[in-house]
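The following exercises concern the protein chain shown below. Each task is followed by a solution that proceeds step by step.

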Amino acid sequence: QMSFDSLLYYILSVTLVISSMLVISVNNTVYSVLFLVLCFIASAGLLFLLDCEFMSLIFVVIYVGAIAVLFLFVVMMLDVKVTSSFKDIFKYFPVGMLLCFVFLSELALIFFDSFHVNPYVDSFSSNVHRNWYDKIDSFTDIESLGQILYTHYIYQFLVAGVILLIGVIGSVILTVNYKTPNVKVQNTFRQVSR
């Protein structure tokens, strides 16, 4: 009988494989970036299932929140024309298949060298995972990181926040063009004196 964690693992794994194949096969670049975001979210879910909560949240915050949005803005600003790449697929097919064969054979060698059949269970796919957090009284990754960050390194954390705030304010000031006649400018004296 399959547990909920195993079912979620298989769903996220299939989602990750299919979306990563769609990243390189879709013609529209905006859809490609959106499938890349789906790849990042599925891999973050897999890391969360492996009890790596901090890495999972870092994946979501950094990769999805910053890098994928940056890719999406660049793709939308460049206005890349959609071209059909299927006419050139046979030109690159032999070299691509050779590289694919080499890569998959290396993966197979690593896989069969690193993983062994469990002698206690007949199924090859069963891998016993012991949750040590139930056995040992300890903190999770996020609790220990938060305790260290907000007690020992609070001044450095606050300085990093102020630096990021200055960067956000500077980027907003640099993008405003005051020379155009229809720009709405905020009058702070009039706003505060109400």
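## Overall architecture

The protein chain has eight helices and zero strands, where helices (H or I, at least four residues) and strands (E, at least two) are DSSP runs numbered from the N terminus. The model is predicted: local features need pLDDT of at least 70, side-chain atom pairs count only at pLDDT 80 or more, and totals for chains, interfaces and linings use all residues. Residues are numbered from 1 along each chain as its sequence is written, and side-chain values use heavy atoms, with hydrogens and water left out.

**Exercise 1.** State what percentage of the residues of the protein chain count as buried.

*Solution.* Buried means under 20% relative accessible area, exposed over 50%, and partly exposed in between (1.4 Å probe, protein chains only). Of the 194 residues, 12% count as buried. The chain exposes about 16,700 Å², of which carbon and sulfur atoms supply 71%; such areas come from the Shrake-Rupley method with a 1.4 Å probe, and for residues only the protein chains shown count as cover.

**Exercise 2.** Compare the expected span of helix α1 with the distance between its end C-alpha atoms.

*Solution.* The expected span is 1.5 Å times one less than the number of residues. For the 22 residues of α1 (residues 4–25) this gives 32 Å. The end C-alpha atoms lie 31 Å apart, which agrees.

**Exercise 3.** Determine how the buried residues of α1 are arranged about its axis.

*Solution.* First, identify them: Leu12, Ser13, Ser19 and Val23. Next, view the helix down its axis: these buried residues fall within an arc of 145°, so they line one face. The arc is that of the directions from the helix axis to the C-beta atoms. An α-helix has 3.6 residues a turn, so residues three or four places apart point the same way. Finally, what covers the buried residues of α1 includes α2 (29–49).

**Exercise 4.** Characterise aspartate 51 by its location, accessibility and phi.

*Solution.* Aspartate 51 lies in the loop between α2 and α3. Its relative accessibility of 23% makes it partly exposed. Its phi is positive, about 65°, although it is not a glycine. Most residues other than glycine have a negative phi.

**Exercise 5.** Is glutamate 53 buried or exposed, and which residues does it touch?

*Solution.* Glutamate 53 is found in helix α3 (residues 53–78). With a relative accessible area of 13%, glutamate 53 is buried. Not counting residues up to four places away in sequence, it touches Phe48, Thr140, Asp141 and Ile142, contact meaning heavy atoms within 4.5 Å.
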